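Me: I am new to this structure. Please walk me through some of its local features.

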Amino acid sequence: MERSPGEGPSPSPMDQPSAPSDPTDQPPAAHAKLDPGSGGQPAGPGAAGEALAVLTSFGRRLLVLIPVYLAGAVGLSVGFVLFGLALYLGWRRVRDEKERSLRAARQLLDDEEQLTAKTLYMSHRELPAWVSFPDVEKAEWLNKIVAQVWPFLGQYMEKLLAETVAPAVRGSNPHLQTFTFTRVELGEKPLRIIGVKVHPGQRKEQILLDLNISYVGDVQIDVEVKKYFCKAGVKGMQLHGVLRVILEPLIGDLPIVGAVSMFFIRRPTLDINWTGMTNLLDIPGLSSLSDTMIMDSIAAFLVLPNRLLVPLVPDLQDVAQLRSPLPRGIIRIHLLAARGLSSKDKYVKGLIEGKSDPYALVRLGTQTFCSRVIDEELNPQWGETYEVMVHEVPGQEIEVEVFDKDPDKDDFLGRMKLDVGKVLQAGVLDDWFPLQGGQGQVHLRLEWLSLLSDAEKLEQVLQWNRGVSSRPEPPSAAILVVYLDRAQDLPMVTSELYPPQLKKGNKEPNPMVQLSIQDVTQESKAVYSTNCPVWEEAFRFFLQDPQSQELDVQILYLDSSEICFPTVPGSPGAWDVDSESPQRGSSVDAPPRPCHTTPDSQFGTEHVLRIHVLEAQDLIAKDRFLGGLVKGKSDPYVKLKLAGRSFRSHVVREDLNPRWNEVFEVIVTSVPGQELEVEVFDKDLDKDDFLGRCKVSLTTVLNSGFLDEWLTLEDVPSGRLHLRLERLTPRPTAAELEEVLQVNSLIQTQKSAELAAALLSVYMERAEDLPLRKGTKPPNPYATLTVGDTSHKTKTVSQTSAPVWDESASFLIRKPHTESLELQVRGEGTGLLGSLSLPLSELLVADQLCLDRWFTLSSGQGQVLLRAQLGILVSQHSGVEAHSHSYSHSSSSLSEEPELWGGPPHITSSAPELRQRLTHVDSPLEAPAGPLGQVKLTVWYYSEERKLVSIVHGCRALRQNGRDPPDPYVSLLLLPDKNRGTKRKTSQKKRTLSPEFNERFEWELPLDEALRRKLDVSVKSNSSFMSRERELLGKVQLDLAETDLSQGVARWYDLMDDKDKGSS
């Protein structure tokens, strides 16, 4: 970028041709003729019609009482009736406002000149553009063309919806097989072009038009799903905005114009009148939500910098440049100061006048910046610098709004707007600009920076920027524009997360792309259900030093569980998506068979980020009752977004200082620039209210390994969020696995999924000697890797029995002793070629927890070369100390459990009580001490969360009183309280004397109170299916004052009869 004043265009006024108004034809007078036979008396049918109208009116009013009668019949309170009445009145008010607005807009468009002549006293904003601006033409000839074409456009729309859209909707879901368009009418009111402005003096190869469009139509589109008797539709719509049309490039052949680009410079206004089931969208709250969602969809491809490109000639060159052109330039905005601002702070109910706490919002299109707040100052000095990209000159405007920061709602102090064309003309503009809608002035220094296509002056720009002091960001030396077009043959994902009746084989991925430069990360949209996505998006970055900065690109699958696919420039095969696998040749040409895999340097370098969402404080209250007269609280929850995955916490009801205490885990790479996006919302019935956001750069966490901070929520007056982030680096040793399992069970929260104990990285290199069917061509093989509910499908290699995949995948492992890696090699159209099951327990006994070799498939023919590498995730900041010493208890009611581990000796820990995650195998050598059996418990006080935690692992050798084994469950009660608040209960196991539960329970109470309690544990069984009686199999009481709550060790306790009140 070079600092140089540009020469801007000077718009030339264009003469306005006067359009004579046609005189209005007066219809001839209508003469009434009386029937001589009537005798001047009203006809009989007229009287009958009046009587019918009266009965109809009475019936409608009677129908209003039906909801009241039904509410009383079913015993509902009057509150339901009042709520329904309020909902109906709100819907009717919104509905009437929309209809009134449609009628007024139609009246204006029907006779625009006459109304304009009668209402010249109207405000400037109510006048049409052709009256307000002399260089805007009315172009009635264009409206006449549109009006004549409009019926034929309606026929085309009807044909398009009936023959193309409706079949696509019916095929998208089995429940929509009866979907049909019952009515498609664009109406008699066509789209009108209020004014046309042609911008002369632009580039010679383009024509630039601004169309001030207004559509107030009586469009009616009705749809019906006959299977569910569901009808919905649209009846009437308004759309107003300025549409820019660019005709470029101009070519020397028909049709002269190569393509047409269209976009809205600013978001248009939209108002829709719904019918049928969609009438519900006119309810207050839902009305604005639905219109906003539709406008967001329009803005996604029709509001600057997005644009719609329609090529008019085949093989058009530089389509990407036309769809996403380079910015016209950069404006460096120096927000220096303001003066003479109004005072908004009042004290003692307005008796004492204070000052203001001003801050400024700077906008250009979708680019928004917020300055810092200057406390108690009417003449603030900011001294901040922002850089914005300018896409269209003229047309875009710089907007600065000044506000007074307040705890509840910020007060407006004024705004100013400036067309970027003036900055282009001046080059450097340094002035005080008056604030509209308030008092005072704001001081801006605006610099136009031109873009150069070569690096000849880069060193000069870098040297200049080193001498410039800028905050909050250093000045940029260049911009980078990346156009993301498409991808092909991305790996497939096979998910086993469907219910059995909906289980599918291969699941198409939902790919998205993440681009990062240092700490700035941008993400593409997600393209759903395809491995050949088309994005056609542009990304723009500011560069401080292009010589030292790098662009990192990563392809992610949205919501694909724990699968991660890093794409690193320069790595083997990272960008070569079209490369074919080498085919096997003759024995002379064949290279020697490798003994081990050769993964790239990025394999096995992933980390696991454990995110603890703990609590929040001072959130703003969003709930209002009785029309805002009564102020409530909020029902907050947290949304997290990282590496293409999204997480959401549970909702805490009616609390401005909520505690969530939830843990989420995600696989991350060392790609710089990644950010954790956190947003807090208030859960509501219609649209959730925004409570603030914050971002955390992962660079600090990945470098330090741990971050525990209170983060201030942005874009809200108050609120902060407590997060704890920990980087878990996989360790290639199983020595600490048992301690990891114990720690995970203790810090596991009820609201979170089971924590991962290890990370499995698999590199699938190749296969050989796959089976060939006689008389057929070689298969098109692909491989599927599955661990638990997560799967990864490799690419398909065409027609070979020795495919080379060179792909990797990572999986979170929660139970390394019992889980296994399932591998299937299949051929497209030929079915299963071979399979392999690799228990992860084999990795636990392997050197460095890694196996790298050829594996024979179960079919007996074919081998695969893969590397499976396990890493144990050891937390250094869990706040829990794992115990590896053996424990013995002198009480006769507690017996040790010398459990046997089915693995090699060097894996077995010396702590038998740490086997809480393993299957309990009853051995004749392990006879329980008590006649009623035993129950295995872990009782522990989690001081960091101020909770008493109990884990019920299982029971053994329970008493069988009848012919059939019991259906046991465990009930826990925190004495002396016997109410439901302290009662907990496990699930019920069917017909067993040794049930396993592994269920966790929590009680929130301080430690001193916990030490005064007793934990009553009862093992019960249902007497019969029809009876509510419970059979007591045994119980035990633990005096928590005599229990070491700091250890968190699993122990077996002997069960006693109910008569025995002592503690075991």
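Short questions and answers follow.

Me: What kind of model is this, and how are residues numbered?
Reply: Numbering starts from 1 along each chain as its sequence is written, and side-chain values use heavy atoms, with hydrogens and water left out. Local features need pLDDT of at least 70, side-chain atom pairs count only at pLDDT 80 or more, totals for chains, interfaces and linings use all residues, and the model is predicted.

Me: In what order do the four strands of the open sheet run?
Reply: Strands here are DSSP runs of E, at least two residues long, numbered from the N terminus. Two strands pair if DSSP finds at least two bridges between them. The pairing in this sheet is antiparallel, and the order is β13-β12-β15-β16.

Me: Which strands stand at the edges, and why is one side of each left without a neighbour?
Reply: Each edge strand has a single partner strand, so one side has no neighbour in the sheet. The edge strands are β13 (367-370) and β16 (411-419).

Me: What is the average twist from one strand to the next?
Reply: Axes are lines fitted to C-alpha atoms, for helices over the stretch in contact, and angles run from 0 to 180 degrees between N-to-C directions. From one strand to the next, the twist averages 15 degrees.

Me: Which residue in β13 is the bridge partner of Arg363?
Reply: Strand β12 covers residues 358-364 and pairs with β13 over four bridges, in the antiparallel sense. Within β13, the partner of Arg363 is Thr368.

Me: Is Val149 buried, partly exposed or exposed?
Reply: Val149 lies in helix α5 (residues 140-172); helices are DSSP runs of H or I, at least four residues long. Buried means under 20% relative accessible area, exposed over 50%, and partly exposed in between (1.4 Å probe, protein chains only). Val149 has 44% relative accessibility, so the residue counts as partly exposed.

Me: Which proline follows Glu248 through a cis peptide bond?
Reply: The loop in question lies between β5 (230-247) and β6 (259-264). Omega is near -5 degrees for this bond, and the proline is Pro249.

Me: What is omega for the cis bond from Leu975 to Pro976?
Reply: Pro976 sits in the loop between β45 (968-975) and β46 (984-985). The bond from Leu975 is cis, with omega near 10 degrees.

Me: What is phi of Gln799?
Reply: Gln799 is in the loop between β37 (790-793) and β38 (804-813). Its relative accessible area is 43%, so Gln799 is partly exposed. Phi is positive in this residue other than glycine, near 45 degrees.
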